[in-house]
Amino acid sequence: MVIFPSRARSKRVALALLAFQLLLASMPIFGGAQKGLSNYLYEDNKQLISLVEDAAALIEAQGAEAFATFSVKGSRWLKGDRYLFVYDDQGTVVFHPVEPELEGQNLSYLKDIGGRPVVARMMEIGQRPEPDASGWLFYLWEGPWHTRPQWKGSYVRKAIASDGSVFLVGSGLYNAKIEKTFIEEAVDKAAKLIQTRDKDAAFAELRQISCPCHVLDAYIRVTDESGNALVDPLFPNLKKTRNVSEVVDSVGKKVFQEIREALQQRETTWTSFTAPKPGSGLPEKRLIYTRKVRNGNEIFYVGTSYVPASPLWLK
């Protein structure tokens, strides 16, 4: 016996299919960099990357016509303090829904309060040969709703439209959570700088707080094998060399000695230590990543530390 569905049931099935299609339409179309998301711990950073990658795909398909879609308030592109910005490869703002008065202005000269050439570094992403080049920028920025500059991390993606126009689309998070992958990439970049350049020139660059190797307020530090501090951007004019080999953390751990011991066996190491939280004095856990670097006959330890966002529900 064949049972035919009732009209009401058929209607429910049709509505369910329609809802499913709408769900698919609203899902991210981002796919190319999806694999890289496994390196990220925090969901808001993952969502930011997905947003920008989807926007880049739309620009590649529609060119500048995509900007109208990005300007719809309440959409995934423009909601709360989340918005997209788009520059051309010469540093001119071509789309900015929050500060439209910037559109048409060339901001290639723009630096943040710490001297970081924000737009110039964005342009460097556009100059890379890959058609889908991307990267993170970290800087101090004052939004229209702020009374002073705030730390911001922005993900920027190169997008080439069908007519050959090169755009740089990005979005940022104020007080972005630091990922372990940010720290590893920063330390590895600093290590390469020391390996490939004159030692003194590399150290001079790393002492500048505007150096691109620093991530937010996680500044690169360099010591020799004996624990003598050679680079500390927070104390760039310190005349007397500090030795950190016997420094202990809040619970008595000799952090440098633990790092040195680990680097006798391998090239990199992660360790943790406890230090007083600035402003309160309460203990807080910090993670530190260190890489052993050779320059000629000398060996240096390059590293930086950060406070991971915790507890885990902050992911």
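Buried means under 20% relative accessible area, exposed means over 50%, and partly exposed is whatever falls in between. Keep that handy for the close-ups below, which come from a predicted model.

**View 1. Glu-60 and Arg-157 pair up across the chain.** Glu-60 is partly exposed, because its relative accessible area of 28% sits between the 20% and 50% cut-offs. Its partner, Arg-157, is buried at 7%. The two form a salt bridge, with 3.0 Å between the closest N and O atoms. This one links distant parts of the chain: Glu-60 belongs to helix H2 (residues 43-62) and Arg-157 to strand E4 (residues 150-160), 97 residues apart.

**View 2. Lys-292 reaches a loop residue, Glu-267.** Here the closest N and O atoms of the salt bridge are 3.9 Å apart. Lys-292 is in strand E9 (residues 283-295), while Glu-267 is in the loop between helix H7 (255-263) and strand E8 (268-276), so the pair ties together parts 25 residues apart in sequence. Lys-292 is buried, with a relative accessible area of 10%, whereas Glu-267 is partly exposed at 35%.

**View 3. A shared-partner network.** Glu-53, Glu-60 and Arg-157 are joined into one network by salt bridges that share partners.

**View 4. Glu-258 meets Lys-253.** Their side chains form a salt bridge at 3.7 Å, N to O. Both ends are partly exposed: Glu-258 has 34% relative accessibility and Lys-253 has a relative accessible area of 26%. For the whole model, the salt-bridge count comes to 16.

**View 5. The largest pocket.** There's about 1,500 Å³ of space in here. Of the 45 residues that line the pocket, Arg-221, Phe-273, Arg-286, Ser-305 and Tyr-306 lie nearest its centre. At least two lining residues apiece come from strand E6 (221-224), strand E7 (229-231), H7, E8, E9 and strand E10 (298-306). E10 gives the most, with 6 residues. By type, the lining splits into 28 nonpolar, 7 polar and 10 charged residues.

**View 6. The second largest pocket.** This pocket has a volume of about 950 Å³. Its lining has 35 residues, and those nearest the centre are Arg-128, Ser-134, Gly-135, Trp-136 and Glu-185. H2 and E4 turn up again here, each supplying at least two lining residues, as do helix H4 (118-127), strand E3 (134-141) and helix H5 (180-196). The biggest share comes from E3, with 6 residues. Sorted by type, the lining holds 18 nonpolar, 7 polar and 10 charged residues.

Key. Residues are numbered from 1 along each chain as its sequence is written. This is a predicted model: local features need pLDDT of at least 70, side-chain atom pairs count only at pLDDT 80 or more; totals for chains, interfaces and linings use all residues. Side-chain values use heavy atoms; hydrogens and water are left out. A salt bridge is a side-chain nitrogen of Lys or Arg within 4 Å of a carboxyl oxygen of Asp or Glu. Helices (H or I, at least four residues) and strands (E, at least two) are DSSP runs, numbered from the N terminus. Buried means under 20% relative accessible area, exposed over 50%, partly exposed in between (1.4 Å probe, protein chains only). On a 1 Å grid over the protein atoms alone, a cavity is a set of points where a 1.4 Å probe fits but cannot get out, and a pocket is an open set with protein on both sides within 12 Å along at least five of seven lines; lining residues have an atom within 4 Å of a point. Grid points are joined across faces, edges and corners, and a volume is the space filled by probe spheres set on the points. Ala, Val, Leu, Ile, Met, Phe, Trp, Tyr, Cys and Pro count as nonpolar, Asp, Glu, Lys and Arg as charged, and the others, Gly among them, as polar.
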